[in-house]
Amino acid sequence: MSREVAKAAKSASNAIAIHKKYTVQSTGIWEVIRRTLAVDPTRSTGVPLNPQFRNPPPGALPPQSYDDPVTLPAADLADNPYWKRDVRRNYPQLSVFSQGDVAGLLTFGNKQAPKEDVLQLGEAGEKQLVAAKQEGEDKGLAAYFEKDKSSVKSILGPDGLPPLPARLNNSAKYELGSGQGYPEKYPCRTFV
């Protein structure tokens, strides 16, 4: 153990400080004066070492000779508006159902629960769907409910109330643990 400590101390004594390694330092009497007057003598001068000159130096090239790298279609501003690229404000989009959509769903069912006895097969079924949607958009759901009184009972629940929205999270209610929230001594409301 002591052998390893001695070896580490020896290698640390040979190490060059980073402030001397990457920056130009003053020498001779000027280094002594700088060390005595400096607030932090180990701080670097900030002048970087330049072992070579840059060739060509910065600013020597004419700006017309340089072409910006362009990637299409991202660089095409006409087809790449900011609102499509802005992922920070990528809010969920609302789903909207018109009265024609709802009338069609009530008449023919959906993919999971189709009303097979109502919808015809083939091209006649497509025409039936278009006609039901057009009628729902023109006259609304009230006309559909007047035409088919039994459909209202199939939609509403046993108490005559509309169905509840689906619960996506079937887990138990969220409850705070003992370490969460404000302590009881604070005069504030707790929501449990």
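Start with the whole chain coloured by burial: of its 192 residues, 11% are buried, and because this is a predicted model, each value in the tour is computed from predicted coordinates. The accessible surface of the chain comes to about 18,100 Å², with carbon and sulfur atoms contributing 59% of that area. Switch to a cartoon view, and the secondary structure resolves into eight helices and zero strands, so that the pattern read along the sequence is α-α-α-α-α-α-α-α. Among the contacts with a separation of 6 or more, 39% join residues that are 24 or more positions apart.

**Stop one: helix α3**

Select residues 29–37, which form helix α3, and display the side chains of Glu31, Arg34 and Arg35, which are linked in a network of salt bridges. Side chains of opposite charge can pair when their charged atoms come close. Glutamate 31 pairs with arginine 34, with the closest N and O atoms 3.0 Å apart, and these two residues are separated by about one helical turn because they stand three residues apart in helix α3. Glutamate 31 also forms a salt bridge with arginine 35, where the closest N and O atoms are 3.5 Å apart; this pair lies four residues apart in the helix, again about one turn.

Which of these residues are buried, and which partly exposed? Glutamate 31 and arginine 34 are both buried, and for glutamate 31 the relative accessibility is 14%, which is why it counts as buried, the limit being under 20%. Arginine 35, at 34% relative accessibility, counts as partly exposed.

Keep arginine 34 selected and follow its side chain to the backbone oxygen of proline 41, which it reaches at 3.3 Å. Leaving aside neighbours within four places in sequence, arginine 34 is in contact with Gln25, Ser26, Pro41 and Arg43.

Now select Ile29, Trp30, Val32, Ile33 and Leu37, and show them as a surface: they make a nonpolar surface patch of about 570 Å². One of its members, valine 32, sits in helix α3 and is partly exposed, with a relative accessible area of 48%.

**Stop two: helix α5 and its link to α6**

Move to residues 99–108, helix α5, where Gly100, Ala103, Gly104, Leu106, Thr107 and Phe108 are buried. Just after this helix, glycine 109 takes a positive phi of about 85°.

Within the same region, select aspartate 101 together with lysine 133, whose side chains meet in a salt bridge at 3.4 Å, N to O. This pair links distant parts of the chain, since lysine 133 belongs to helix α6 (residues 123–139) and aspartate 101 to helix α5, 32 residues apart. Lysine 133 counts as partly exposed at 38% relative accessibility, and aspartate 101 counts as partly exposed at 25%. A search of the whole structure finds three salt bridges.

**Stop three: the end of helix α8**

Finally, select isoleucine 155, which lies in helix α8 (residues 150–155) and, at 29% relative accessibility, counts as partly exposed. What does isoleucine 155 touch, not counting residues up to four places away in sequence? The residues are Leu106, Phe145 and Pro163. A C-alpha to C-alpha distance drawn from isoleucine 155 to leucine 106 should read 8.3 Å, although the two are 49 residues apart in sequence; leucine 106 is one of the buried residues of helix α5, which returns the view to the previous stop.

Notes: Residues are numbered from 1 along each chain as its sequence is written. This is a predicted model: local features need pLDDT of at least 70, side-chain atom pairs count only at pLDDT 80 or more; totals for chains, interfaces and linings use all residues. Side-chain values use heavy atoms; hydrogens and water are left out. Patches are made of residues with over 30% relative accessible area and no salt bridge: like charges are joined within 9 Å, nonpolar side chains (Val, Leu, Ile, Met, Phe, Trp, Tyr) within 5 Å. Accessible areas come from the Shrake-Rupley method with a 1.4 Å probe; for residues, only the protein chains shown count as cover. A salt bridge is a side-chain nitrogen of Lys or Arg within 4 Å of a carboxyl oxygen of Asp or Glu. Buried means under 20% relative accessible area, exposed over 50%, partly exposed in between (1.4 Å probe, protein chains only). Contact means heavy atoms within 4.5 Å. A polar contact is a pair of N or O atoms within 3.5 Å; within protein, one must be able to donate a hydrogen and the other to accept it, and residues adjacent in sequence count only if both atoms are side-chain atoms.
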